[in-house]
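Q: I should like to learn how to read the architecture of a two-chain model, feature by feature. Where should such a reading begin?

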Amino acid sequence: MELWQSIPFACILLPLGSAAMTSVLKGRWARYWTFTVLTIVTALSAIFVALMANFEGNYTYMMGHYPAPWGNEIRAGMLEAITGLFFSVIMLLSLMGGLKKIDEHILSDKQSLYYVMLLLLTAALMAQTYTNDLFTAYVFLEIMTIAACSLITARTKGRTLVAATRYMIMNLLGSGLFLLGITLLYDLTGHLLMSNIKEAVAALAQSGQYQMPLTVVIAIMSIGLGIKSALFPFHTWVPDAYGYSTPTSAAVLSSLVSKGYIFLLIKIFYRVIGLDVIASTGILDILFGFALVGMVMGSISAIRQSDIRRMIAFSSVAQIGYIFMGMGLGNEQGMTAAVFHIFAHAVCKAMLFLAAGGLADASGNSKQFRDLRGSGFRSPIAGVAFTIGALSMVGFPFLGGFTSKMNFAMAAMHGGDTRMMLVLLVLVISTWLNTIYFLKTVITLYRKPLPGAVYPVEKGRRGFCFNASLVLFAAVNVALGLFSQGIIEGISRGLNTFG
Amino acid sequence: MSFHNYEEMAAMILFGIGFTTLLLQKNLIKKIIGFSMMDSAIYLFLAAKGFIEGRTAPIVVDGVTSMEAYINPIPAGLVLTGIVVSVSVTALMLALTVRLYRRYHTLDIDRITALVRREEQ
C-alpha cells in the first residue's frame, strides 16, 4: 500500500473533520476554512485522477484493522476518481459563485453553520463515491439528506420551510425503502461488503434459490434511490426545493445531491447485484419507462413555468430522466452515456442556477420572465453563461450536452429494436421541447425591457468571485464537449473494472 | 404447516403501516410517527434475523469460546447505528415542524401549502 492510495480516505476524512471544526469558527474564518478544505479536496482528487490514469484496475483500502469479510473498505478505480474530481470541482465553484447571495440570504451569525452543512455534504458525497460497504453507504446517504435539508432551510424567506419539509418526507420514504433493501439483502447473503454480496448473489442466481426476494430487493433499492434522486413520478418536491433556496444550495442540490444517489445506484447495479442479474429481473424496464415519461413530462412542466428558477428545476427532472434512460438500456454503452450525462448535467445545471441568480439580481430581484427581459445586457457574464448552459442542455455541438445526447442515441442502437425506436423518438421530442423553453428564455434575456421598467444599476456589483466562477464553469462545459472522447474513454475503462 | 417467522411478519406489517402513514397522512406529527414506525420495523426485522435460538450475545463468560455458543453481533450493531440515524432525522423533522407551526399555526401540510401560496400573492 503506497501513500497516494490514501487519497480517497483523505477526501472523506478531511471535510468530515473540518465540518466539526467549522462549527466553532466565526463567519469569515469559517468561509476561508471551507474554501481551503474544498480546494485541497479538489486538488487531491485531480492528483488522484492523474495517478489512476497510470494504474491498472482498482484497489481496495482496508479501514481499521479487520480484513475483508468483517471490516470496512474503500474501493477506488478510474470511475470513482473521475466522479470524485467532478463532484469536488462543482462543489467548489458553486460555493464561489453564490458567496454574495449567501451573505444576503443567511444571517451572519448562522453562516458558519451553513458551511458546516456544505462540508458534511462534501464528505458524504466522497464517501458514497468511494465506499465499498452498503451500510456505510446508507449512513452517508442519511447524512447527505440531513445536510441537503439544512441547505434548503438556510434561507428563511419564502417557501423554503415547506419545501424542506416536503423534501424530507419524500427522502425519508426513499431511505426507508433503501434501508429495507439493505436489510433483506444482508439477510439473503450474510454480507455487507459489496464484492462479497456480489459473489453470494451470483451463487443464488445460479442455484435459482430466493429469486422472488432478490427481485424485491432490487426493486426496493432502485425505487428508493429513484425517489431520492427525483425520478419522474417522485419529483414533486423538486421545484420548491430548487426554486427558493439560495443559489449555492440550488446548484449543489440539483447537480450533486441527486447525482450522488444515482452514482450509488449505478454502483449497486455493477458491484452489488451484477448487471446481468438486474437485467433478468425486469427492473430496468420499469426504470426505463419512468425515465421516458419523465423526459417528456419534465420538459412540458418546464415550458409552463413563468419563473426562471422553477423552469430550470423542472428541466432537472427531464435530465434525470435522460440518466435513468441510459441506465435502463442495460448495456455498457448506455451506462457510459448515463455516467457522462451525470457530469454534463451537473456542470451545466449548477452554472444555470448561479447565472439565474445573477440575472434575477440585475432585474430587481425578480425571477419572473417579464422582469428578466434585457437582463442579459445588464449582467453580461451571467447572460453569456446562461446562454452557454442553455445551449449545452439543448444539445449544441462542442458542448457537453451534445456529446451525451449523441452517446444516448448510439447506445440505443445496441439496445434492441423497440428500445431503439422508443429512445430515438423520445430524444427527438425531448430535445424539441428543451429547445422551446431554453431558447425562449435566452431570447427573453436579450429582448428590450418592458416600457417603463427601471432597474437599479448593477454593473460590477456582482463581484469577482461570481464572475470567476461562471467563467470557470463555462470553461468546464466547453472542455467537457471538446475533450469528451478522453473522458468517455476514462469512464468506460472505469466501468469495465467497476464490478 | 406452521409459521415461525412471527417477528419478521410483524415487522413487514409495521413497515407497511409506517410507510403509508408517512406518505398519506396530512398531519406532520403523524407523519413523523409513521417514519419512526417504519424505521423501528426494520430494526425489529434485523434484530429478529440476528438472533438464533439457544445462543447468547457474544460476550465471553465462563471461558466458553466455541463459535456455536454465540450469535453474530453485526445485526445488533447495525440496529444501533440505524437508531442513531433515525433519531437525528426525527429531531430534524420535529425542528422543522416546530418552525412551521410557529409561522402558520397548523400542522396540516396541505393547509400550510395553501397558506404559503396565499402569502405570496
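A: The order of the elements is a suitable start, bearing in mind that this is a predicted model. Read from the N terminus, the elements of chain B run α-α-α-α. Chain B thus holds 4 helices and 0 strands.

Q: How is the radius of gyration of chain B to be read against the globule rule?

A: The value is set beside what the rule gives for a chain of that length. For the 121 residues of chain B the rule gives 14 Å, and the radius of gyration is 21 Å, well over that figure, so chain B is more spread out than a compact globule. Along its principal axes, the C-alpha trace of chain B spans about 75 × 35 × 15 Å.

Q: What are the secondary structure of chain A and its radius of gyration?

A: Chain A comes to 22 helices and 2 strands. Its radius of gyration is 22 Å, close to the 23 Å from the globule rule for 499 residues, so chain A is as compact as a globular protein of that length. The C-alpha trace of chain A spans about 75 × 55 × 45 Å along its principal axes.

Q: How many residues does each chain bring to the contact between them?

A: The size of an interface is often given as the accessible area lost when the parts come together. Here the description is by residues: chain B supplies 28 and chain A supplies 19. On the side of chain B that touches chain A, the elements giving two or more residues are α1 (6-24), α2 (28-50), α3 (74-104) and α4 (109-120) of chain B. Of these, α3(B) gives the most, with 12 residues. That side of chain B divides into 19 nonpolar, 4 polar and 5 charged residues.

Q: How do α3(A) and α21(A) cross?

A: Two packed helices are described by the angle between their axes and the distance between the axes. The axes of α3 (residues 78-97) and α21 (residues 463-482) of chain A come within 7 Å and cross at roughly 150°. The crossing of α3(A) past α21(A) is left-handed. Among the residues making the contact are Val89(A) and Leu93(A) of α3(A), and Phe466(A) and Phe473(A) of α21(A). The contact comprises 10 nonpolar, 2 polar and no charged residues.

Q: Where does α13(A) bend?

A: Helix α13(A) bends by about 25° at Gly294(A). Covering residues 283-303, α13 of chain A has 21 residues and reaches 30 Å from its first C-alpha to its last, close to the 30 Å expected at 1.5 Å a residue.

Notes. Residues numbered from 1 in each chain as written. Chains lettered and ligands numbered in written order. Predicted model: local features only at pLDDT ≥ 70, side-chain atom pairs only at ≥ 80, totals over all residues. Expected span 1.5 Å × (residues − 1). Bend = angle between axes of the 7 residues up to and from the residue. Contact = placed C-beta atoms within 7 Å. Nonpolar A, V, L, I, M, F, W, Y, C, P; charged D, E, K, R; others polar. Axes fitted to C-alpha atoms, helices over the stretch in contact; angles between N-to-C directions. Left-handed = near helix turned anticlockwise from the far one by under 90°. Rg over C-alpha atoms; globule rule 2.2 N^0.38 Å.
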